[in-house]
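Please find below a set of numbered remarks on the model, meant to be read with the structure open. They move from single residues to helix packing and back again.

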Amino acid sequence: MTPQPIRFGIMNMEIISLPFVYFLAAALGVYHLLPRRGQNIWLLLCSLYFAASWRWEFAVILGSSILINYLIARRIAAGILHKKAWLWAGIGLNTAGLLFFRFAATGYIDLILRVLSGGTSLSTKILLPIGFSFYTLQAIAYLVEVYQKQISPEHDLVDFGLFLAYFPHLISGPIERGKNLLPQIKQNRLVGNNELAEGGWLILTGLFRKLVIAGTLVTLLPEGIFARPMEFAASDRWIAILIYGIWLYNDFAGYTGLVRGISLLFGIRLSPNFKQPFFAHNMLDFWNRWHMSLSFWLRDYIFFPIQRFLIRRGFSAGKPARIILPPLVTMLVSGIWHNATLALLAWGALHSLYQMADHLISQKPGFISPKKQPRWKQILFSLRVYCLLLPTWMLFAAGSLKLAAGFCLSLFTGGGTTRFRLLELVFPMAALMVSFFLDAFQEKHGEERTVFSFPRPVQSVVVGLGILCVVLSILWSNIPSAAFVYQGF
Amino acid sequence: MQITPPFGGVLLGAILFLIVVLLTGEGIVRLGIQANLWPEPLLGTANAEMDIKVQALDRLVKQQPVDCLFLGSSQLDTAINPGVFSDEYQKLTGETLHCYNFSLGTLTAGPAGRIATLLVYRYHPKMLVLGISARDFSRDFGELARPLTDDPWVRHNLTDQNPGGWLTENSLFYRFLGQIRVALDPDYQALRSRMLQQLAPDGFLQYTGNTLTIDTTSFIPKFKLNAEDLSGLDEVMALKDQGVHIILLEVPVYPGFLPDYVEGSERKYYTAFRAPVQNRIDVYRVPFIYSQEEIGSLIRDSQWNDVKHLNTSGAESFSVWVARKIAGVLQHDTSTHTIWNNEYGNH
């Protein structure tokens, strides 16, 4: 029997779509008429509706996760003798859920069932619930924070539900910490001039990155180029791999900017997720700038605990175990989190190798931090980082080891006539430059306030041109909605 | 929410800036066209041929009504020379018809239904001749024409209102910006320059080659009338209710190619394509002019551009033949004759 996805959802409410605009307008309109308690109830209802708009089962799973984690956290806080057991039960349940859906979505569960039952397959395909891998990590972090008494357990189920389900960050994060988000949920929120201005700017830059920059760069990534590279010219393959990371960055950073901006309209400040990653000087620096909310989660809940474990067992700083194990395990977990495939495991392993190398280099005598080196050297360091990233993008984009290896080999094989002519590269090259300049300005002035340091007329012109580009992109792309790459994770 | 003045100055400034830019742009583009500094921008849809033809037809209907339109794929595009057709028709009936060939490369029957409706809404022709061939009903070719019907301007003209279509219709500056976009699209530009070279003012696509190479592998290996294309055919037939005289024309292929055209069998062409189509349209009482059997005696080998397209010489002979057939059909159809003499139409 061919697995068929079940469709019970009202609609797939993509964040860039007209239904979402109506939904957001209704959510905001009612929200600002209510007192804080009412606002939280309203936002939670909106969030559950948002999850259900994809599939009603997703809202049920989200609701169950809220309830389970709420109860476990209270047990952790209340229990003296068994609090560690409750913590591990909570971590175990969340992890098991994540692994189950991750492996089921990849088809492994179905495969096991078929082997065990002698051929019977699942009648329906199990899909990873929207945002599950993001809010599960958030729940684990919350349980640990409660266990470590960094925060008090949340007594109000509505407030806790909102902490996990808050719709602007539901589908792809940022993965928030209790100590950042819960106090904002608990207090009266002010939406004033600053929040509206910064929110508006974040929304505009988010849309610009996603629709204008990523939307233009994607034309250089023809469908199937990573799966069937030999159908394309060698130059096309090179263009695709060189452009892939910048496209992915603009897609994801665009999403993050957009949802952070939307959240500010509700008076809630979400954490940043990117900090100009391609300006990084080494791979350790890169992971402090790329998908930061995930990187910091992995650092705090995988990397540091392993390191502490090793230190407690007497492994000193120079020991191979100290150098190898923390980054290796951390990046393997990161790989599995992205997708339970060998390619993503290899992706994690490769990243861990880079981190080990950076670590060793930084410990060499006479090492000078890149930040203290001349500007031209810093640029070379950033270019080196980008080059090191290329093989990891291959693994990430191809989705399987075999395809990634095939693509890699194809880069050094000639043949084929290029699909792109010089004329077709004009817009993508312009998009690349705009991406670079936007990064440079954001690095200097901050993501939320990039434009506000300019004189007012210049601000108006920049905003006006931004709106014009976004509107033209929407009109020209002629598609009713736009999905983001990371919502697939 | 707690907003304290001054607030929104930047946004207001941005909106004012946009208004100024858009109005100035619109003014400059229009003035430039009036002063012949640059040509009127094309629509900028997914299809350069359609853009050129819409612009040409828009100009034509400002001078005189268009009486008949030909619609089909590239096969009809190259097969009907409207000038030759009109001359022959006039010789036979004494009536002058202003015709335009609106055929589009890659068009299949499904999208043709939508385009035919658009043409009737926009240009109010008295007669629409739909040229069909087996490939127009094969699923294998359906996707090629899809961008045509998904286009905002096409949807706007089919009463599916949308901002992009509205702007394309009403703002020359928007079209101008669209031209910058398509200027960087080599596929569009290549098609545009080819069309500008090969298209006659009446929409006839002039092929001058003569290469009759027959590939003996079947052109359509598995043929089944595609439901979407049959719906398109129904949509064209339904235009009869709008008072438009609909004629279906079989667009021929080179007789030597016929055995390899549909499932590697000449018989299949008739049994799997033509007979079912005839059955389908019987209910509409629309004339279906067959041409395949006669094409061998009508067109010499030197008059074929390739096995599916006629060259200009072949098109001349075929257009004369079609004019005679249509004159005959209309002569026998008294209801049509009445409609014709009453100058039916909105012009």
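**Notes on the predicted model**

1. T106(B) sits in the loop of chain B that runs between β2 (99-101) and α5 (109-123). In this predicted model, the phi angle of T106(B) is positive, at about 75°, although the residue is not a glycine. With a relative accessibility of 29%, T106(B) counts as partly exposed.

2. R285(B) also deserves a look at its backbone, since its phi is near 55°, a positive value in a residue other than glycine. R285(B) belongs to the loop between α13 (266-282) and β5 (288-289) of chain B, and with a relative accessible area of 70% it is exposed.

3. Two aspartates of chain B can be taken next. D151(B) is placed in the loop between α6 (142-150) and α7 (152-157) of chain B, and its relative accessibility of 9% means that it counts as buried, the cut-off being under 20%. D151(B) and T45(B) are 106 residues apart in sequence, yet their C-alpha atoms are 6.4 Å apart in space.

4. D234(B), by contrast with the loop position of D151(B), is in helix α11 (residues 227-238) of chain B. D234(B) counts as buried at 18% relative accessibility. When neighbours within four places in sequence are left aside, D234(B) is in contact with R280(B) and Y284(B). The C-alpha atoms of D234(B) and F219(B) are separated by 25 Å, the two residues being 15 apart along the chain.

5. In chain A, the loop between α7 and α8 holds P174(A), and the peptide bond that leads from G173(A) to P174(A) is cis, with omega near 10°. H169(A) is found in the loop between α7 and α8 of chain A as well, and at 2% relative accessibility H169(A) counts as buried. Beyond its neighbours within four places in sequence, H169(A) is in contact with Q138(A), F163(A), L164(A), P174(A), E176(A), L181(A), Y255(A) and L270(A); the cis-linked P174(A) is thus one of the contacts of H169(A).

6. Which residues of helix α8 (residues 178-186) of chain A are buried? They are G178(A), L181(A), L182(A), Q184(A) and I185(A), and because they cover an arc of only 160° around the axis, they lie on the same side of α8(A). An α-helix has 3.6 residues a turn, so residues three or four places apart point the same way. The buried residues of α8(A) pack against α2 (36-52), α6 (132-147) and α7 (157-165) of chain A. L181(A), which is among these buried residues, is also listed among the contacts of H169(A).

7. Helix α2(A) has a further partner in helix α3 (residues 56-78) of chain A, with which it packs at an angle of about 135°, the axes being 6 Å apart. That angle makes α2(A) oblique to α3(A). On the α2(A) side, L44(A), L48(A), A51(A) and A52(A) meet W56(A), F58(A), A59(A), L62(A) and I66(A) of α3(A). By class, the contact of α2(A) with α3(A) consists of nine nonpolar, no polar and no charged residues.

8. Helix α9 (residues 193-217) of chain A packs with helix α18 (residues 456-477) of chain A at an angle of about 40°, with axes 9 Å apart, and the two are therefore oblique to each other. Their crossing is left-handed. The contact is made by W201(A), L204(A), L207(A), F208(A), L211(A) and V212(A) of α9(A), together with V462(A), V463(A), G466(A), I467(A), C469(A), V470(A), S473(A) and I474(A) of α18(A). These residues divide into 12 nonpolar, two polar and no charged.

9. How do the axes of α9(A) and helix α17 (residues 426-445) of chain A cross, and within what distance do they come? They cross at roughly 150° and come within 8 Å, which makes α9(A) roughly antiparallel to α17(A). This crossing, too, is left-handed. From α9(A) the contact takes T205(A), F208(A), R209(A), I213(A), T216(A) and L217(A), and from α17(A) it takes F427(A), P428(A), A431(A), L432(A), V434(A), S435(A), L438(A), D439(A) and Q442(A). The classes here are nine nonpolar, four polar and two charged residues. F208(A) appears in the contact with α18(A) and again in the contact with α17(A).

How values were computed. Residues are numbered from 1 along each chain as its sequence is written. Chains are lettered from A and ligands numbered from 1 in the order in which they are written. This is a predicted model: local features need pLDDT of at least 70, side-chain atom pairs count only at pLDDT 80 or more; totals for chains, interfaces and linings use all residues. Side-chain values use heavy atoms; hydrogens and water are left out. Axes are lines fitted to C-alpha atoms, for helices over the stretch in contact, and angles run from 0 to 180 degrees between N-to-C directions. Helices (H or I, at least four residues) and strands (E, at least two) are DSSP runs, numbered from the N terminus. Angles under 35 degrees count as roughly parallel, over 145 as roughly antiparallel, 65 to 115 as roughly perpendicular and the rest as oblique. A crossing is left-handed if the near helix is turned anticlockwise from the far one by less than a right angle, and right-handed if clockwise. Contact means heavy atoms within 4.5 Å. Ala, Val, Leu, Ile, Met, Phe, Trp, Tyr, Cys and Pro count as nonpolar, Asp, Glu, Lys and Arg as charged, and the others, Gly among them, as polar. Buried means under 20% relative accessible area, exposed over 50%, partly exposed in between (1.4 Å probe, protein chains only). The arc is that of the directions from the helix axis to the C-beta atoms.
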